Amino acid sequence: MAYNYKDLGLSNTREMFAKANKEHYAVPAFNFNNMEQMQAIVEACAEMGSPVILQCSTGALKYMTKEVVPMLAKAGVDRARALGSDIPVALHLDHGPDLEAVKLAISAGFSSVMIDGSHYDFAKNMEVTKEVVEYAHQFDVTVEGELGVLAGVEDDVVAEHHIYTDPEEVIEFVGNTSVDSLAIAIGTSHGAHKFKPGTNPKLELDVLTKVEEKLPGFPIVLHGSSAVPQKYVEMIKKFGGELKDAIGIPDSELKGAAQSGVAKINVDTDGRLAFTAGVREVFATKPGEFDPRKYLGVAREEMKKYYIEKIKTVFGSEGAYTKAAK
């Protein structure tokens with residue numbers, strides 16, 4: 001069965017980003033893989049009055065299935081409204097590999113899609129992105145492209161080396177493809193194992209500034225922006241898990257980007273860490289517990305608590321829309 005995103009109560013990202021750029025905050029784009037994670041994301045954003053982009057990778061879509069994902073997204077909208085909040089909710093395909101994946105997502109009710117042609121050369125990236133834009137815009141679905149390469153691992157996306165976005169290419173890319181937003185590479189990295197302890201990760205904000213000079217007011221996106229909070233790393237280790245020592249992008253760096261021209265910041269790994277820490281704590285402290293509600297519910301609350309903090313301290317999107325009635 002095919003779905004139209006508007007019938008699910010979803011929004012595309014066009015007006016979200018215009019408001020974010022005008023008011024100098026970034027829209028949270030949080031990945032989800034199940035019902036509890038969706039609830040944590042939507043409830044956190046509704047309580048804060050923050051717009052939200054529910055992100056779903058091709059792997060997550062396969063895991064939850066194309067029949068279930070649109071119903072979870074619709075339930076997220078309904079949950080926000082039941083809480084008294086009017087926040088816009090988008091359902092976004094994260095790292096769509098090709099036009100076929102985009103077509104599947106749009107038929108499943110996605111309101112926004114990303115086409116990741118960053119592994120191609122510049123000309124091929126433009127060609128592939130333009131093809132997706134022409135298809136998606138027929139359905140009023142917004143499209144995110146990418147210039148530059150982020151190192152690291154996220155689901156099916158793997159890259160060993162980082163290539164910063166060339167500001168000289170952005171005008172031609174956006175002009176020829178008509179994308180609605182552009183993900184750039186300025187020092188963020190995919191996955192939990194971004195940087196070794198002792199390093200001092202910095203975003204190349206001068207690259208961002210140059211891109212903004214070329215494309216004033218255009219929505220810029222940052223991928224791989226998890227902070228890898230040490231609180232959750234330590235919780236996971238304490239309660240029987242194994243994680244290599246690593247650090248992420250400091251919140252202070254991300255906050256600076258959010259106050260500039262960045263309209264969307266992607267966070268996936270941090271949510272996974274918070275959720276896993278919550279589950280592990282229950283299993284370690286209550287070994288007799290076998291009711292999924294008792295450990296998934298704790299994980300959901302941990303993830304929600306973290307995202308509320310992140311909205312306040314990094315995104316700056318609190319109060320952009322009506323907050324949930326307490």
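User: In this predicted model, is Ser 57 buried or exposed?
Analyst: A residue counts as buried when its relative accessible area is under 20%. The relative accessibility of Ser 57 is 8%, and this residue lies in strand β2, which covers residues 52-57. Because 8% falls under that cut-off, Ser 57 counts as buried.

User: Which residue has its backbone nitrogen 3.0 Å from a polar atom of the side chain of Ser 57?
Analyst: A polar contact requires a pair of N or O atoms within 3.5 Å. The side chain of Ser 57 offers a polar atom that lies 3.0 Å from a backbone nitrogen, and that nitrogen belongs to Ala 60.

User: Which helix gives the largest share of the largest nonpolar core?
Analyst: The largest nonpolar core holds 93 residues, and those touching the most other members are Phe 32, Leu 54, Phe 110, Val 113 and Leu 182. Its largest share, 9 residues, comes from the helix spanning residues 292-315, namely α12.

User: How many residues make up the other core, which includes Ala 20 and Ala 263?
Analyst: This other core lies apart from the largest one, and Ala 29 and Ile 53 are also among its members. The number of residues in it is 10.

User: What is the relative accessible area of Thr 13, and is this residue buried or exposed?
Analyst: Thr 13 is found in the segment before α1. Leaving aside neighbours within four places in sequence, Thr 13 is in contact with Ile 53, Ala 90, Ser 112 and Thr 142. Since buried means under 20%, Thr 13 is buried, with a relative accessible area of 3%.

Methods
Residues are numbered from 1 along each chain as its sequence is written. This is a predicted model: local features need pLDDT of at least 70, side-chain atom pairs count only at pLDDT 80 or more; totals for chains, interfaces and linings use all residues. Side-chain values use heavy atoms; hydrogens and water are left out. Helices (H or I, at least four residues) and strands (E, at least two) are DSSP runs, numbered from the N terminus. Buried means under 20% relative accessible area, exposed over 50%, partly exposed in between (1.4 Å probe, protein chains only). A polar contact is a pair of N or O atoms within 3.5 Å; within protein, one must be able to donate a hydrogen and the other to accept it, and residues adjacent in sequence count only if both atoms are side-chain atoms. A nonpolar core is a set of buried Ala, Val, Leu, Ile, Met, Phe, Trp, Tyr and Cys residues joined through side-chain atoms within 4.5 Å. Contact means heavy atoms within 4.5 Å.
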